[in-house]
Amino acid sequence: DIVNYSIKDESMEPEILIGQRVIVLKRNYIFNEKDIYLILSPYGEMIRRLKKISFESVKLIASNKKCNNEIFLLDDIQIIGKVKRESNINFCLFIK
């Protein structure tokens, strides 16, 4: 599945800007701490890097130094997919 997603906050600036569109791969990705992911947390959707802290928890890492990094239990978040940084698509594409 592929989703075209519009960035809603400044947490990943200067890498990814507010309003920029990215492609999110919802399947068949290999976890890598250098990659960026679309995550559903108790606070809503977030774009962050993930760092495994333990078997039970991860740290959500923002590129923007003004934003806080947060630690969550894996049970409290859902990893929606891996972000591909560029999208020239002007519409939302959902493949099921």
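## A walk through an all-strand chain

Asn69 touches Lys59, Leu60, Ile61 and Ala62, leaving aside residues up to four places away in sequence. Start there, and keep in mind that this is a predicted model. Asn69 sits in the loop between strand S5 (57-61) and S6. One of its contacts can be described in more detail. A polar atom of the Asn69 side chain lies 2.8 Å from the backbone nitrogen of Ala62. Is Asn69 buried or exposed, or something in between? Its relative accessibility is 38%, so Asn69 counts as partly exposed. Now look across to Arg48. Along the chain, Arg48 and Asn69 are 21 residues apart. In space, their C-alpha atoms are separated by 9.0 Å.

Step back to the whole chain. How many helices and strands does the chain have? There are zero helices and seven strands. Read along the sequence, the pattern is β-β-β-β-β-β-β.

How are these strands arranged? They form an open sheet of seven strands, with antiparallel pairing. The order across the sheet is S1-S2-S7-S3-S4-S5-S6. Why do S1 and S6 each have one side without a neighbour in the sheet? S1 and S6 stand at the edges and have a single partner strand each, so one side of each is left open in this sense. Neighbouring strands of the sheet are also turned against each other, by 45 degrees on average with direction ignored.

Follow the sheet from the S1 edge. S1 covers residues 2-6, and S2 covers residues 21-25. The two run antiparallel and are joined by five bridges. Two of the pairings can be named. Tyr5 has Val22 of S2 as its bridge partner. Ser6 is matched with Arg21 of S2. The next pairing takes S2 to strand S7, residues 78-84. Three bridges link S2 and S7, again in the antiparallel sense. Here Leu25 stands opposite Lys82 in S7.

Between S1 and S2 runs a loop, and Pro14 lies in it. Check the peptide bond that joins Glu13 and Pro14. This bond is cis, with omega about 10 degrees. Most peptide bonds are trans.

Next, find Ser41 in strand S3, residues 36-41. Is Ser41 buried or exposed? Ser41 counts as buried, because its relative accessibility is 7%, and buried means under 20%. Which residues does Ser41 touch, not counting those up to four places away in sequence? They are Met46, Phe72, Asp76 and Ile77. The Ser41 side chain also has a polar atom 3.0 Å from the backbone nitrogen of Tyr43.

Now for some totals. The chain has 96 residues, and 35% of them count as buried. It exposes about 6300 Å², with carbon and sulfur atoms supplying 52% of that area. Consider contacts between residues at least 6 apart in sequence. Of these, 53% join residues at least 24 apart.

Finally, how confident is the prediction? The chain averages a pLDDT of 87, and 88% of the residues score at least 70. Among the elements, strand S6 (residues 70-73) has the highest mean pLDDT, at 97. S1 has the lowest, at 89. Over residues 89-96, pLDDT stays under 50. For that stretch the model has 14 contacts beyond four places in sequence.

Terms used:
Residues are numbered from 1 along each chain as its sequence is written. This is a predicted model: local features need pLDDT of at least 70, side-chain atom pairs count only at pLDDT 80 or more; totals for chains, interfaces and linings use all residues. Side-chain values use heavy atoms; hydrogens and water are left out. Two strands pair if DSSP finds at least two bridges between them. Helices (H or I, at least four residues) and strands (E, at least two) are DSSP runs, numbered from the N terminus. pLDDT is the predictor's confidence in each residue, from 0 to 100. Contact means heavy atoms within 4.5 Å. Buried means under 20% relative accessible area, exposed over 50%, partly exposed in between (1.4 Å probe, protein chains only). Accessible areas come from the Shrake-Rupley method with a 1.4 Å probe; for residues, only the protein chains shown count as cover. Axes are lines fitted to C-alpha atoms, for helices over the stretch in contact, and angles run from 0 to 180 degrees between N-to-C directions. A polar contact is a pair of N or O atoms within 3.5 Å; within protein, one must be able to donate a hydrogen and the other to accept it, and residues adjacent in sequence count only if both atoms are side-chain atoms.
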